[in-house]
Amino acid sequence: MDASLFQSRHEAFIQQAESALRRLTPTAAIRPARLHAAMRYSLEAGGKRLRPVLCLAAANAFNPQADAEHAATALECIHTYSLIHDDLPCMDNSDLRRGRPACHKAFDEATALLAGDALQPLAFELLATGYAAQPALATALIAELAKTAGSTLLVGGQTEDMGGLAAGADAERLEFILLGKTAAMLSAPFAMGAMVGGAPPADVEHFRQAGQAAGIAFQLVDDLLDLTADATQLGKPVGADAQNGKLTYAGLHGIAATQLRIQSLTEEASGHLQACKADSMFIRELVFRMATRKH
Ligand code: GRG
């Protein structure tokens, strides 16, 4: 895909995601002001918006019968809650997020905990109300996101990751962590976007699988960059995973094997997307760029 066409479509999706986020989530004008200010502080902190963009683009690849903005916003709410909670002293204990003080530093620990708590039901409220006119779609979206955010995937992956290398350099446990902590929240946007796009169940499954492969690749690239990138280019210190005793694919299997797996996962994702009756050109390019990013 032509680079400037990709760029302009990407920017348009980011703008759509951010304007939906501002429109669909409560501001500090609503009581309790401090809680809503903390939620908006983290929601507006300006990440890459990968999950909402993937959701909007997946819907767009089909023939959407409903707007994908509620689903895209719900995904960013769950992602943002997971970042807020991950930064808390009882978890990763990180003072910075997206280049700014983490939520518990900008506010306080209790407020950050509650902001993360409140973002979770907000996500499901957005799905229930945003797709009320299509109850089967609303139910399918809620089920997809609930499963993704639950104890076998996002929270489960985080749980198993907390032991780090100290809990053993176990390849099977690493796959569980990769699937749960990173890939699930990148697979859900593909599946949810396809559902909103009115895709048949077989294509929703292809999109789900594509997202899972792209999601694992995304984390593997992250691991590689931590080992090999230049700190200035990466915008954060390198070698942090080893220093923090993290169990990573590159640490366990080596750099060459990680590069090969990224390539094969990217091909797998592309194969799933191409198997569908959909215009998947933009989303395939995005998957390729996720796998070849340098920071
Ligand atoms: C607290 C239940 C719970 C889960 C936390 C988000 C998370 C799980 C851990 C953070 C550490 C980490 C590397 C997770 C893997 C997922 C990931 C790469 C998150 C960062 O996603 P980006 O790069 O972030 O899309 P932005 O800031 O751009 O949105």
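Helix H4 gives the most to the shell around the ligand, with 6 residues. (Helices are DSSP runs of H or I, at least four residues, numbered from the N terminus.) This is a predicted model, where local features need pLDDT of at least 70, side-chain atom pairs count only at pLDDT 80 or more, and totals for chains, interfaces and linings use all residues. Residues are numbered from 1 along each chain as its sequence is written, and side-chain values use heavy atoms, with hydrogens and water left out.

**Around the ligand**
- The ligand has 17 residues around it (a heavy atom within 4 Å), and the closest are Lys48, Arg51, His79, Asp86 and Arg98.
- H4, H8 (154–161), H9 and H10 (201–228) each bring at least two residues to that shell.
- Arg51 has a polar side-chain atom 2.8 Å from a ligand oxygen, and so does His79.
- For Arg98, a side-chain N or O atom sits 2.7 Å from an oxygen of the ligand.
- Taken alone, the ligand exposes 710 Å², and the protein buries 88% of that (Shrake-Rupley method, 1.4 Å probe).

**His70 and Tyr131**
- His70 is in H4 (residues 69–87) and is buried, at 16% relative accessible area (buried means under 20%, with a 1.4 Å probe and protein chains only).
- Beyond four places in sequence, His70 touches Leu24, Leu126, Leu127, Gly130 and Tyr131 (contact means heavy atoms within 4.5 Å).
- Tyr131 in turn contacts residues including Ala66, Leu137 and Val196.

**Nonpolar core**
- Tyr131, Leu145, Phe190 and Phe207 have the most contacts inside the largest nonpolar core, which has 89 residues (buried Ala, Val, Leu, Ile, Met, Phe, Trp, Tyr and Cys joined through side-chain atoms within 4.5 Å).
- H9 (residues 171–196) gives the most to this core, with 13 residues.

How values were computed:
Buried < 20%, exposed > 50% of the residue type's maximum accessible area, 1.4 Å probe, protein only. Polar contact = N/O pair within 3.5 Å; in protein donor to acceptor, adjacent residues only side chain to side chain.
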